[in-house]
Amino acid sequence: MTTWYNGIIKKIEDASPTTKRFWLEVEGVDRFDFKAGQFITMDLPIGERRNQRWRSYSIASAPDGSNTLELCIVHLDGGLATNWLFNEATIGTAIKFKGPDGTFTLPESIENELVMVCTGTGVAPFRSMIWEVFNQKIPHKGIHLIFGTRTADGILYQKEFEELAQKMPGFRFSVALSREEQEGCHHGYVHGIYQTAYAEKRPDRSFYLCGWTKMVDEAVAKLIVEMGYERGQVKYELYG
Ligand SMILES: Cc1cc2nc3c(=O)[nH]c(=O)nc-3n(C[C@H](O)[C@H](O)[C@H](O)COP(=O)(O)OP(=O)(O)OC[C@H]3O[C@@H](n4cnc5c(N)ncnc54)[C@H](O)[C@@H]3O)c2cc1C
């Protein structure tokens, strides 16, 4: 049986000119358990039918035994849910949701090097996973987060990941900017970074991809067809 919860918006912060961080406190529970990488599905007051109203969002925070979740959501022009979330929802608004769901999570035991590739808010599940590895001191074989966006003002959690790269052995953070050149960032798409860094195929490496269809489809094709990685080495979460 599906359990529905009420999440009360406790805080909203800008993460970029088009993206906001939302903190939801789950009513009626002391803790909300989930696996890093999972998502929740909200039932929003934006339509009559269920399939018009439901939208899924990855949990961007790591499991911490509390009843508060962070979401990272980009506003889409004309998007029904994001128009409502950005223009109608405010501190104190209650949002009905179900979850957690999803299998886009860390392996039971991390035996492979993990290359996490995302654009925009596709970073959300990776942020949860990376903090989970750090907080729980989970042994790993190296984690490389490759984040893509158009311009530097779209880089999400930049300071946080840069600081983490200093204190978390084996964690690397790379940024690709497709429409702007900036020192320290790759100029172009995310694909250019992993195509160069991981051209030499290895069986002990896994790629995790998250974001919108175009980037994910391109990455799957490049990794499997062009670069020769096995299907089982590539795992992805599609946002739409
Ligand atoms: C498992 C899962 C997890 C998700 N997690 C997140 C998350 O953490 N953060 C987040 O921001 N979104 C996330 N999404 C996407 C989210 O569920 C909504 O689809 C999104 O917010 C758009 O809803 P909307 O009602 O505003 O737009 P809609 O009214 O549904 O219209 C959006 C339309 O634009 C297209 N489109 C949408 N976005 C883009 C884009 N960036 N680029 C190109 N085309 C686009 C869609 O295909 C669709 O046709 C997730 C989706 C899934 C399935």
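Biologist: Let's start with one residue: is Tyr157 buried or exposed?
Modeller: Tyr157 has 22 other C-beta atoms within 10 Å. A residue is buried if 20 or more other C-beta atoms lie within 10 Å of its own, exposed if 12 or fewer, and partly exposed in between, with C-beta atoms placed from the backbone. Tyr157 therefore counts as buried.

Biologist: Thanks! From which number are the residues of each chain counted?
Modeller: First, please note that this is a predicted model: local features need pLDDT of at least 70, side-chain atom pairs count only at pLDDT 80 or more, and totals for chains, interfaces and linings use all residues. Along each chain, as its sequence is written, residues are numbered from 1.

Biologist: Where is Tyr157 placed?
Modeller: Helices (H or I, at least four residues) and strands (E, at least two) are DSSP runs, numbered from the N terminus. Tyr157 is not a glycine, yet its phi is positive, about 55°. Its place is in the loop between β8 and α4 (158–167).

Biologist: And Lys137, is that buried or exposed?
Modeller: Lys137 also has a positive phi without being a glycine, here about 50°. It belongs to the loop between α3 (124–135) and β8 (143–149). With 7 other C-beta atoms within 10 Å, Lys137 is exposed.

Biologist: Which residue does a cis peptide bond join to Gly99?
Modeller: The omega of this cis bond is about 5°. The partner lies in strand β6 (residues 94–101). Gly99 is joined to Pro100.

Biologist: Now the sheets. Which strands stand at the edges of the antiparallel one?
Modeller: This is an open sheet of six strands in the order β4-β3-β6-β1-β2-β5, with antiparallel pairing. Two strands pair if DSSP finds at least two bridges between them. At the edges, each strand has a single partner, so one side of each is left without a neighbour in the sheet; these strands are β4 (54–58) and β5 (68–74).

Biologist: What is the average twist from one strand to the next there?
Modeller: Angles run from 0 to 180 degrees between N-to-C directions, and axes are lines fitted to C-alpha atoms, for helices over the stretch in contact. From one strand to the next, the twist averages 40°.

Biologist: Which residue of β5 is the bridge partner of Thr19?
Modeller: Strand β2 (residues 19–26) runs antiparallel to β5, and seven bridges join them. Five of the seven residues of β5 are buried, so this strand is largely enclosed by the rest of the structure. The partner of Thr19 is Val74.

Biologist: At the other edge, which residue of β4 pairs with Ile40?
Modeller: Strand β3 (residues 39–43) and β4 form an antiparallel pair over five bridges. Within β4, the bridge partner of Ile40 is Tyr57.

Biologist: What is the strand order of the sheet with parallel pairing?
Modeller: This one is open too, with six strands. Its edge strands, β10 (186–187) and β12, each pair on one side only. The order is β10-β9-β8-β7-β11-β12.

Biologist: Which residue of β9 stands opposite Gly148?
Modeller: β8 and β9 run parallel and are joined by seven bridges. Five of the seven residues of β9 (residues 171–177) are buried, so this strand is largely enclosed by the rest of the structure. Opposite Gly148 stands Ala176.

Biologist: Which residues does Glu237 contact, leaving aside neighbours within four places in sequence?
Modeller: Glu237 is in strand β12 (residues 234–238), and it counts as buried, with 23 C-beta neighbours inside 10 Å. Two residues are in contact if their C-beta atoms, placed from the backbone, lie within 7 Å. Those that Glu237 touches are Phe104, Pro125 and Cys210.

Biologist: Finally, are helices α5 and α6 roughly parallel or roughly antiparallel?
Modeller: Helix α5 (residues 190–197) and helix α6 (residues 213–226) pack with their axes 11 Å apart, at an angle of about 20°. Contact comes from Val190, His191 and Gln195 of α5 and Met215, Glu218, Ala219 and Lys222 of α6. Angles under 35 degrees count as roughly parallel, over 145 as roughly antiparallel, 65 to 115 as roughly perpendicular and the rest as oblique. The two helices, α5 and α6, are therefore roughly parallel.
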